[in-house]
Amino acid sequence: MTIHEQQSETQQEAKLFFSRFLLEWYQGQKRDLPWRRHRNPYYIWISEIMLQQTRVDTVIPYFNRFIERFPTVESLADAPEEEVLKCWEGLGYYSRARNLQHAAKQVKEQYGGQVPNDRDAVFGLKGVGPYTAGAILSIAFNRPEPAVDGNVMRVLSRYFLIEDDIAKGPTRVAMERLAAELIPEGEASHFNQALMELGALVCTPKSPRCLPCPVMEHCAARLAGCETSLPVKTKAKPPRPEERLAALVEGRGEHAGRVLIRQRPVSGLLARMWELPHWPAPPAEGGRGGALLPEAAALDRLRRSLRQAGIPARPEEHWMAAEHTFSHIVWTLQVYRCREEDVRALPVAAEGRAAYAAGQSPGAGDAGRPAGAGGPQGSAATGISGAELPAADSDAPALNADAGSSAALAPGSGTPDLFSAAGTPNGRPAADSGSIEPFADGNGNPEDGGAVRWINREEMANYAFPNVFLKLLNSYFDEQNG
Ligand code: SF4
């Protein structure tokens with residue numbers, strides 16, 4: 001049956017039954033979740049963004065920490081972006097955190113810091129789609145708006161035996177209409193939460209627990225014995241695999257006990273987060289990925305990439321492999337231990353050497369570490385000082401406000417940085433800079449040119465890392481401590 005046929009038939013009884021028994025069940029079974037203890041629209045908004053793609057159990061500690069650190073819309077709007085990312089570290093999908101902060105600024109500037117009780121206004125917030133808008137409006141303000149996500153579509157597909165593809169836009173729109181019809185008058189907040197709760201606890205994707213289900217009696221899929229084959233959903237394209245070579249650069253001398261990290265570009269994937277430097281691996285012979293590159297070829301390519309980026313290090317041996325999955329891409333990182341070399345021996349321009357020496361030495365004032373008072377623990381929450389952060393909402397790729405002491409300076413500052421020795425685009429050395437060999441593909445790497453830091457384990461707390469690098473760095477420091 002399609003959703004349209006379902007709509008055209010008289011199923012009023014089944015609908016009334018569903019709404020009534022679902023609500024009753026929810027009153028007795030609802031979980032005590034931190035964002036349910038108040039009807040604070042800000043809390044509900046944060047929780048709904050965190051819950052996208054993430055399990056409730058995982059979200060609870062993040063939510064509590066986030067609310068403790070950013071208790072109001074204003075506090076989130078005014079925070080340095082890196083503190084927001086640090087609080088989000090481990091949850092993944094970091095654009096959610098950036099959009100959230102952007103939207104908090106909108107709420108602060110346009111609505112006096114109060115989440116608006118207005119459909120158009122909520123829809124206009126960055127990162128807020130139909131589901132999140134419906135959740136905020138219904139849960140916080142009890143407005144009869146549907147909040148339809150994958151869980152809700154699964155429940156409705158089964159209960160009403162709807163065989164339309166839930167990956168298709170028109171199906172979602174029709175589901176939203178159906179969900180809106182089901183909301184009992186004056187009960188939008190509880191009803192929408194009940195529907196979400198049923199999808200999370202009872203009508204689960206693989207093994208729906210139909211026996212204790214409060215709406216089993218009229219569930220069409222259950223009656224037809226086809227509950228596990230619904231919903232119908234076409235498979236998304238699998239993420240594209242990408243092999244990369246990563247450098248775990250171990251410090252020597254004044255950097256002993258530290259490893260080198262690099263900040264990602266100001267826009268794009270994982271913008272402004274910190275990582276081990278890494279580059280796409282060239283295909284091995286036969287067109288296969290970098291994981292299968294012979295060790296010598298991988299070491300050679302990594303050596304050239306490090307030189308190209310102006311990082312004074314020599315790759316020595318393979319350390320470990322790690323994977324990071326995004327919605328559209330999977331990185332397989334082959335991580336190589338690299339040994340720091342004397343920057344003076346490398347073919348980078350004098351200005352680059354000077355910047356490196358000034359910016360990367362842990363002993364050189366606050367350069368090479370966050371600029372908070374007292375060093376790594378400078379800021380109350382994370383030790384990150386505002387001076388360390390990029391200008392909020394700036395189009396300029398200013399990687400460090402303390403440019404005078406940083407290895408990486410904003411383009412246009414007139415001073416060559418460590419990576420673009422003669423101020424060339426894409427962080428590539430000038431043609432006359434000597435023996436730095438360009439890549440065969442002739443393209444610079446847009447990821448080169450970010451700020452770099454030497455950090456030890458304690459200093460990890462000052463930087464936001466994507467999961468894979470968090471795990472790699474923890475493994476490394478665990479290994480070092482025996
Ligand atoms: S009876 Fe089973 S399939 Fe139907 S809504 Fe309940 S748990 Fe889902």
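The following passage describes the surroundings of the ligand, the packing of a helix that contributes to these surroundings, and the setting of one strand in a predicted model.

In the predicted model, the ligand is surrounded by 15 residues, of which Cys-203, Cys-210, Cys-213, Cys-219 and Glu-227 are the closest. By class, this shell comprises 11 nonpolar and 4 charged residues, with no polar residue among them. Two helices, α10 (150–159) and α13 (220–224), each supply at least two residues of the shell, and the largest share, 3 residues, comes from α10.

Helix α10 also packs against helix α11 (residues 169–182), the two axes coming within 11 Å and crossing at roughly 75°. Because angles of 65 to 115 degrees count as roughly perpendicular, α10 and α11 are described as roughly perpendicular to each other. The contact is made by Val-152, Met-153 and Leu-156 on the side of α10, and by Met-175, Leu-178 and Ala-179 on the side of α11; its 6 residues are nonpolar, with no polar and no charged residues.

Strand β2 (residues 259–263) is largely enclosed by the rest of the structure, because 5 of its 5 residues are buried. Burial extends to both faces of β2, with Val-259, Ile-261 and Gln-263 on one side and Leu-260 and Arg-262 on the other. The strand is joined to β7 (residues 452–455) by 4 bridges in an antiparallel arrangement, in which Leu-260 has Trp-454 of β7 as its bridge partner. An antiparallel pairing over 2 bridges also links β2 to β3 (residues 274–275), where Gln-263 of β2 stands opposite Trp-274.

Definitions and conventions. Residues are numbered from 1 along each chain as its sequence is written. This is a predicted model: local features need pLDDT of at least 70, side-chain atom pairs count only at pLDDT 80 or more; totals for chains, interfaces and linings use all residues. A residue is near a molecule or strand if its C-beta atom, placed from the backbone, lies within 6 Å of it. Ala, Val, Leu, Ile, Met, Phe, Trp, Tyr, Cys and Pro count as nonpolar, Asp, Glu, Lys and Arg as charged, and the others, Gly among them, as polar. Axes are lines fitted to C-alpha atoms, for helices over the stretch in contact, and angles run from 0 to 180 degrees between N-to-C directions. Angles under 35 degrees count as roughly parallel, over 145 as roughly antiparallel, 65 to 115 as roughly perpendicular and the rest as oblique. Two residues are in contact if their C-beta atoms, placed from the backbone, lie within 7 Å. A residue is buried if 20 or more other C-beta atoms lie within 10 Å of its own, exposed if 12 or fewer, and partly exposed in between; C-beta atoms are placed from the backbone. Two strands pair if DSSP finds at least two bridges between them.
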